[in-house]
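Reader: I would like a close look at one part of this model, with its surroundings described afterwards. Please keep to what can be computed from the atoms.

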Amino acid sequence: MKSDAVVLGAGIVGISVALHLQARGRSVALVDRRGAAEETSFGNAGLIQREGVYPYGFPHDFGALLRYGMNRTIDAHYHPSALPELVPFLWKYWKHSRRERHAQIAHVYAKLIEHCVTEHEALAAQAGAEEFLRRKGWMRVFRTERERDLRFAEAGRWRAEFGIRFSELDKKNLLEQEPHLAPVVVGALHWTDPVSVVDPQGLALAYLKLFESRGGRFLQGNAASLEQGWSVQTVEGKLQAKEVVVALGPWADVVTRALGYDLPLAVKRGYHMHYRAAGKAMLNHPVLDTERGYMLAPMQRGIRLTTGAEFALRDAIRTPVQLGRAEPIARDLFPLAERLDSEPWMGARPCTPDMLPIIGRAPKHANLWFAFGHAHHGLTLGPVTGRLIGEMMTGETPFVDPAPYRPERF
């Protein structure tokens, strides 16, 4: 079997890359060891985060560091046994999260983020997948006036710098929009530009169906079998391609290390669980409980509770302690009934220390391209990355300057 390009990894980034290469006249094969969007792209809060110009940084205030050090919070957890391997990454992450450096990164990152909604809408329209999109934004709710006022001020600065839109809601206005939240909240920041997705995997599968309807092939195979040349072994036989795109998310190092690249990748793991809403309760927007560090998002399957970051080795045993901590607090905020999943879902977010994805030509090999490291924003930036890679590989003028995301920066 032969194709112009093979894309390794059938998550939202890989599928988007495959679609954009196909749209530019390339024959494309998409390869994954499992089904499409069954790993990291399966479970998330379902947000296309147009407001997410500041990637999630490492905290610098002493209070937060002390809380995280105690290892008892919902928004962050770590495996002590993983620290010797993680400390070099965390140190670099902490340095890049300093105020001035973080602001510099945000202005670079915003160049990708500003296109996230329009690029998704373009693919969703082509795929007939608008049913998965909800154009209501999402809410950050507050339990204290202090946190509310700090976040309102921060949002005001972001609006001035980046043109992001939001509404400030007092308690009365919030409970009018979300009447089933407990009255422990004092207000909310309503980001109005983002789009929520009621079934992230369903959206990815709709994009895959579009790819296949246009002649694309989705094959099961192991990226570790990649051989220079380029070829990869699939269940249907060896596949040869002129060019390769590595879009393997947290498993990118399976290929990159074998080819001699030492990229500073780590993972933030996360968990989710679905619940039935009790009685006639309804949640109209995704809601982040700011001071407690978890999110509730209305999905087709039910109300999805998602946790913050777990710092652990990618393949370490699952430890959904954050979910256990969050569930009773979430039940007090919103009337959740029984669990709908037999066990918690876990996924791994692929992260770089400077919080920017790795997008571009591999520096040591001809016809090899990288598209991974999107951390919390894989769903958000999948189609943006797909278009950028497609334009670069086919010689078009990129719609975003790709230089800040190039692999050579490491």
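Which residue with a positive phi follows α11? Please start from there and work outwards.

Author: The residue is G395, whose phi is positive, near 80°. The model is predicted, and everything below should be read as a description of that prediction.

Helix α11 itself covers residues 378–393 and has a kink of about 30° centred on V384. Of the 16 residues of α11, 15 are buried, so the helix is largely enclosed by the rest of the structure. Here buried means under 20% relative accessible area.

Some of the surroundings can be named through V245. Leaving aside neighbours within four places in sequence, V245 is in contact with I389 and M393, and both of these numbers fall within the range of α11. The other contacts of V245 are V6, V7, L8, V17, L21, W369 and A371. V245 and V7 are the residues with the most contacts inside the largest nonpolar core, which has 81 residues. A second, separate core has 25 residues, among them L248, A252, V255 and L263. In soluble globular proteins, nonpolar side chains tend to be buried together.

Charged residues also belong to this picture. R387 and E391 are linked with R24, E119 and E396 in a network of salt bridges. Side chains of opposite charge can pair when their charged atoms come close. A search of the whole structure finds 27 salt bridges.

Past the helix, R409 lies in the segment after α11, and its partner D354 lies in the loop between β19 (345–351) and β20 (358–361), so their salt bridge ties together parts that are 55 residues apart in sequence. The closest N and O atoms of R409 and D354 are 2.6 Å apart. R409 is partly exposed at 21% relative accessibility, whereas D354 is buried, with a relative accessible area of 4%.

Two further salt bridges can be set beside that one. R276 and E338 meet through their side chains at 2.9 Å, N to O. This pair links distant parts of the chain, with R276 in strand β13 (residues 266–277) and E338 in strand β18 (residues 336–339), 62 residues apart. R276 is partly exposed at 38% relative accessibility, and E338 is partly exposed with a relative accessible area of 38%. Strand β13 also holds H274, which is buried with a relative accessible area of 3%. Not counting residues up to four places away in sequence, H274 touches E338, R339, L340 and D341, as well as M299, R301, G302, I303 and R304. E338 thus appears both as the salt-bridge partner of R276 and among the residues touched by H274.

The other pair is within one helix. R151 and E147 both lie in α6 (residues 145–162), 4 residues apart, about one turn of the helix. An α-helix has 3.6 residues a turn, so residues three or four places apart point the same way. The side chains of R151 and E147 meet in a salt bridge at 2.9 Å, N to O. R151 counts as partly exposed at 24% relative accessibility, while E147 counts as buried at 17%.

Some backbone details can be placed alongside G395. A37 has a phi near 55°, a positive value in a residue other than glycine. A37 lies in the loop between β2 (28–32) and β3 (47–48), and at 2% relative accessibility it counts as buried. N71 is not a glycine either, and its phi is positive at about 65°. N71 lies in the loop between α2 and β4 (76–78) and counts as buried at 13% relative accessibility. A cis peptide bond joins G229 and W230, with omega about 10°. W230 is in the loop between β10 (217–220) and β11 (231–234).

Helix α2, which covers residues 62–70 and includes L66, brings the description to the surface. F62, L66 and M70 form a nonpolar patch there, with about 360 Å² of accessible area together. L66 is partly exposed, with a relative accessible area of 48%. For α11, in contrast, 15 of the 16 residues are buried.

Note on methods. Residues numbered from 1 in each chain as written. Predicted model: local features only at pLDDT ≥ 70, side-chain atom pairs only at ≥ 80, totals over all residues. Heavy atoms only, no water. Patch = residues over 30% accessible without salt bridge, like charges linked within 9 Å, V, L, I, M, F, W, Y side chains within 5 Å. Areas by Shrake-Rupley, 256 points an atom, 1.4 Å probe, with all protein chains shown as cover. Salt bridge = Lys/Arg side-chain N within 4 Å of Asp/Glu carboxyl O. Helix = DSSP H or I, 4+ residues; strand = E, 2+ residues; numbered from the N terminus. Buried < 20%, exposed > 50% of the residue type's maximum accessible area, 1.4 Å probe, protein only. Bend = angle between axes of the 7 residues up to and from the residue. Core = buried A, V, L, I, M, F, W, Y, C linked by side-chain atoms within 4.5 Å. Contact = heavy atoms within 4.5 Å.
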